[in-house]
Structures are given as structure tokens and as C-alpha cells.
Amino acid sequence: SSGINAEWPLRPGAHLKKTRKLRGHVSAGHGRIGKHRKHPGGRGNAGGGHHHRINFDKYHPGYFGKFGMRFLHKKKNPTVCPVINVDKVWSLVSTQTRDHFAQRKDGKVPVIDCVRAGYFKVLGKGVLPKQPVIVKAKFFSYEAEQKIKAAGGVCVTVA
């Protein structure tokens, strides 16, 4: 190697770094008085209740403390109950099925299994077409039951 700088040529991309420009400038842009030290404010979230309190209170209200009761070993499965309204119940079967049963004269009606489609409870929003239907679900609201029965249908609860 010749007597010049052994670092030359630079690693790829190194010539774009700020340090290249700052060669020879003693403090490298970090000032002489408050020196560039490792972690002057502490690492990470340090000082949230002390010297960084203003930032935490302003941008992260409610970060510290607790409220309410603990629910030990909470099982989310028993409380799952996806809902569907009566105006959307017919969307679970095809229009061909609906038309087919509308034309039948032997009194057979379609069965719509909401649980199979992933809905456990039927709610009463909207209007239900005046076509009899058997709706299967785990739960029915009072209004949903009234509307299904008014259309000549039946509510069947399944486990």
C-alpha cells in the first residue's frame, strides 16, 4: 500500500455520508458546549414521569396508571356473537333459490342457516320480503322474530 489514506477508496455509499463533508470540522455539527454524548435524556421511554412529562401528557395521555377491574383468564370465545339484520338474511342464499321457492306451490320454503354463514344472532332492522322462510340462528331479537313470523316464516334456534 502506498503512504496515502488506507481507507480509500470508500465503501459503497460512504461518499454520500455527512461525515465526508465534516472532515476537519472539529465538533461535526454537534456543538462545542453541550457535547454529543451517548443518551443524554435516557434510553427509550425513560423520564416519562419526570423530564419528558410534557411530551407524554401532550401526545400520549393516559399512558400511565390503571383503571377498572382485572378479568383473569378472559375467554373471548363464549362472548362472540356476529349479527345480521333481517333485511340482509336473504342475501345468504342465491337469487335462484329465492325465485325457485317463490314459484313452488307445494308449500315448501327455503331454510336459511345463519350460523353456517357465520352469523349467530338475527336483528330486526329493515324490511323482510313477504316470502315465507325458515331462519336458523342461535338468537333472535324480538323485532326480528315478529318480522319473520309476519312474512309467514319460522324462527328456529340452534345450539
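**Exercise 1. What percentage of the 159 residues of the protein count as buried?**

Before we start: this is a predicted model, where local features need pLDDT of at least 70 and side-chain atom pairs count only at pLDDT 80 or more, while totals for chains, interfaces and linings use all residues. Residues are numbered from 1 along each chain as its sequence is written, and side-chain values use heavy atoms, with hydrogens and water left out.

Step 1. Get the cut-offs: buried is under 20% relative accessible area, exposed is over 50%, and partly exposed is in between (1.4 Å probe, protein chains only).

Step 2. Read off the share: 17% of the 159 residues count as buried.

**Exercise 2. Set the protein's radius of gyration beside that of a compact globule**.

Step 1. The radius is taken over C-alpha atoms, and the globule rule is 2.2 Å times the number of residues to the power 0.38.

Step 2. For a compact globule of 159 residues you'd get a value near 15 Å, but the protein has 35 Å.

Step 3. Now look at the box: along the principal axes, the C-alpha atoms fill roughly 105 × 45 × 30 Å.

**Exercise 3. List the helices and strands in order**.

Step 1. Both are DSSP runs numbered from the N terminus: helices are H or I with at least four residues, strands are E with at least two.

Step 2. The protein has five helices and six strands.

Step 3. Starting at the N terminus, you should read α-α-β-α-α-β-β-β-β-α-β.

**Exercise 4. Find the largest nonpolar core and follow Phe 140 out of it**.

Step 1. Such a core is a set of buried Ala, Val, Leu, Ile, Met, Phe, Trp, Tyr and Cys residues joined through side-chain atoms within 4.5 Å.

Step 2. This one has 16 residues, and those touching the most other members are Cys 114, Val 122, Val 135, Phe 140 and Ile 148.

Step 3. Helix H3 (86-89), strand S4 (134-137) and H5 each give at least two residues to this core.

Step 4. Contact means heavy atoms within 4.5 Å. Neighbours within four places in sequence aside, the contacts of Phe 140 include Val 122, Ile 148 and Glu 145.

**Exercise 5. Is Glu 145 buried, partly exposed or exposed, and what about Pro 61?**

Step 1. Glu 145 sits in helix H5 (residues 142-150). Its relative accessibility is 26%, so Glu 145 counts as partly exposed.

Step 2. Pro 61 is in the loop between helix H2 (53-59) and strand S1 (83-85). With a relative accessible area of 63%, Pro 61 is exposed.
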